[in-house]
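Please follow the account below with the sequence and the model side by side. It goes from a helix residue to the sheets, and ends with backbone angles.

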Amino acid sequence: MASMRINELLQQSPKEQKVEVNGWVKTFRSNRFIALNDGSTLHNIQCVVDFDNFDEGLLKQIATGAALHIKGLLVASQGRGQTVEIQVTDLIVHGTADPETYPIQPKKHSMEFLREQAHLRVRTNTFAAVMRVQSTLSYAIHRYFQNNGFFNMHAPIITGSDAEGAGEMFRVSTLDPKNPPLTEEGEVNYKEDFFGKETNLTVSGQLEAEAYAMGLGKVYTFGPTFRAENSNTSRHLAEFWMIEPEMAFFDLNDNMDLAEDFIKSVLSYVISHCQVDLEFLEKRLLDEEKTKPQAERSEMPLLDKLRFVIDNKFIRLTYTEAIDILKNSTPNKKKKFKYLIEEWGADLQSEHERYLVEKHFKCPVILFDYPAKIKAFYMRLNEDGTTVRAMDILFPGIGEIVGGSQREERLDVLLDKIKALGIDEKELWWYLDLRKYGTAIHSGFGLGFERLVQFTTGMGNIRDVIPFPRTPQNAEF
Ligand code: 4AD
Ligand code: MG
């Protein structure tokens, strides 16, 4: 007989039928009640052993964390808290777990402690719930694009370009660091490197997605991206996954409409498919909030917050309007911001973004038309000659969740920009070709997957929504 997953077992009506199940012991009470979990659901199945029928040595091995194979009869439960349970007839211990050393004992663990046990933390309710939610989110994202005429593409991970022009790249090289080949000028000679040129891990698949959008019409990438920025915050990873749709014949308004509809759609999907896990995470968050000072507590329970985003139109305003609001805001006047907003052109920090979203509008915000100076080279220049058709979506508790723009499709304007920024035109020859042959307006954006998971699950730190986080000074596991 085939083993069933616990989520299926819990749907069965109990008729004393024979069942088999595999899983890990959450708790073992009174030498009689095993709470077994197999990851398929938050819920455990209770397995009742009659200790008279089992060898004492075997029962000793049933500790928290042990892996078991259980055969038994599915019966209506006598106890409270579950409708069905298994009366155990056979029990095989795949592997026990020594209670003296197994770190995931049934008690509260700090997130910091669990980060050090990242290989085992998925056996806690919290991390298993987060992982199931992120898997559903990932599916919902593909589903949305596939249902809306987009084609998925994989952009290269190793590249010679710096799409964002921020110089925050991890080098990819097979040269001997102790004894690299040198040019006559005494510089490292990358012509002798594996690819015959300098290469790095990609910071974004956008430039390649643009090429494919200009043939397939609408494409999206969903892949890993890497940033060597030394930001030790609860929102930054050195390795994260980004979803980047790119659409030919879309202007900035079309782009904003798509991004808003996309986010609302995937959140709705998750709400209707992850109810048990989201309710658990909501309760976890409420418990956590109780330990925080009043001012730092979130005003809405998790599910209300998700529904709020789905039900309300995102506020759209220009960077210039946002600067006016920020300049006149109380924290700016009282010098409470770390970075005071003094003039137009200032780059917005996360404290400003969060003020706009959490205090001023109390709603997701799309900021657009940013100063060209603070944005990437590929964004379309407005008629005013100083702002570009950029847009960022700002979320409560997260700050920037999406960054995107209408792209500069005019060859002459793009060339001027590239020259002014000192970017090597030869490196971008293929990107410029897209403007030489059949150019058209086009737009796209990037959504940080882990930031979306963070928002959806209410987890405070981005390190707790990706299995094995990579951050400065940390690449364990
Ligand atoms: O705003 P960014 O840098 O935009 C781009 O890379 C564009 N090429 C996207 C495009 O138009 N196709 O990054 C996009 C998003 C951010 O809004 C944020 O959600 C996420 O990626 N992000 C990070 N997430 C985690 N850790 C980091 N270090 C991140 N940097 C950006
Ligand atoms: Mg950005």
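Asp277 is found in helix H7, which spans residues 275–290; helices here are DSSP runs of H or I with at least four residues, strands are DSSP runs of E with at least two, and both are numbered from the N terminus. At 8% relative accessibility, Asp277 counts as buried, a word that stands for under 20% relative accessible area, while exposed stands for over 50% and partly exposed for what lies in between, with a 1.4 Å probe and protein chains only. When residues up to four places away in sequence are not counted, Asp277 touches Leu42, Ala129, Arg132 and Val133, where contact means heavy atoms within 4.5 Å.

This is a predicted model, in which local features need pLDDT of at least 70 and side-chain atom pairs count only at pLDDT 80 or more, whereas totals for chains, interfaces and linings use all residues. Residues are numbered from 1 along each chain as its sequence is written, chains are lettered from A and ligands numbered from 1 in the order in which they are written, and side-chain values use heavy atoms, with hydrogens and water left out.

Turning to the sheets, one finds a closed barrel of 5 strands that runs S1-S2-S3-S5-S4 with mixed pairing; two strands are taken to pair if DSSP finds at least two bridges between them. Neighbouring strands of this barrel are turned by 55° against each other on average, direction ignored, with axes being lines fitted to C-alpha atoms (for helices over the stretch in contact) and angles running from 0 to 180 degrees between N-to-C directions.

Within the barrel, strand S2 (residues 33–37) is mostly covered, since 4 of its 5 residues are buried. S2 runs antiparallel to strand S1 (residues 17–29), to which 5 bridges join it, and it also runs antiparallel to strand S3 (residues 45–48), here through 4 bridges. Leu36 in S2 can be followed in both directions, as it stands opposite Val25 and also opposite Ile45 in S3. Another link between these strands is made by Phe33, whose bridge partner in S3 is Val48.

A second sheet is open and consists of 3 strands in the order S7-S9-S8, with antiparallel pairing. Its edge strands are S7 (158–159) and S8 (171–172), each of which pairs on one side only. S7 is joined to strand S9 (residues 199–201) by 2 bridges in an antiparallel arrangement, and Ile158 stands opposite Leu201 in S9.

Ile158 also belongs, together with Ile157, Phe194 and Phe195, to a nonpolar surface patch of about 390 Å². Ile157 is placed in the loop between strand S6 (151–152) and S7, and it is partly exposed, with a relative accessible area of 36%.

Which sign of phi should one expect along the backbone? Most residues other than glycine have a negative phi. Asn31, although not a glycine, has a positive phi of about 55°; this residue is found in the loop between S1 and S2 and is partly exposed at a relative accessible area of 40%. In the same hairpin of S1 and S2, which has 3 residues between the strands, Ser30 takes a positive phi near 50°. Asp369, again not a glycine, has a positive phi of about 55°, but its place is in strand S13 (residues 365–371), and at 14% relative accessibility Asp369 counts as buried.

Methods: Patch = residues over 30% accessible without salt bridge, like charges linked within 9 Å, V, L, I, M, F, W, Y side chains within 5 Å. Areas by Shrake-Rupley, 256 points an atom, 1.4 Å probe, with all protein chains shown as cover. Salt bridge = Lys/Arg side-chain N within 4 Å of Asp/Glu carboxyl O.
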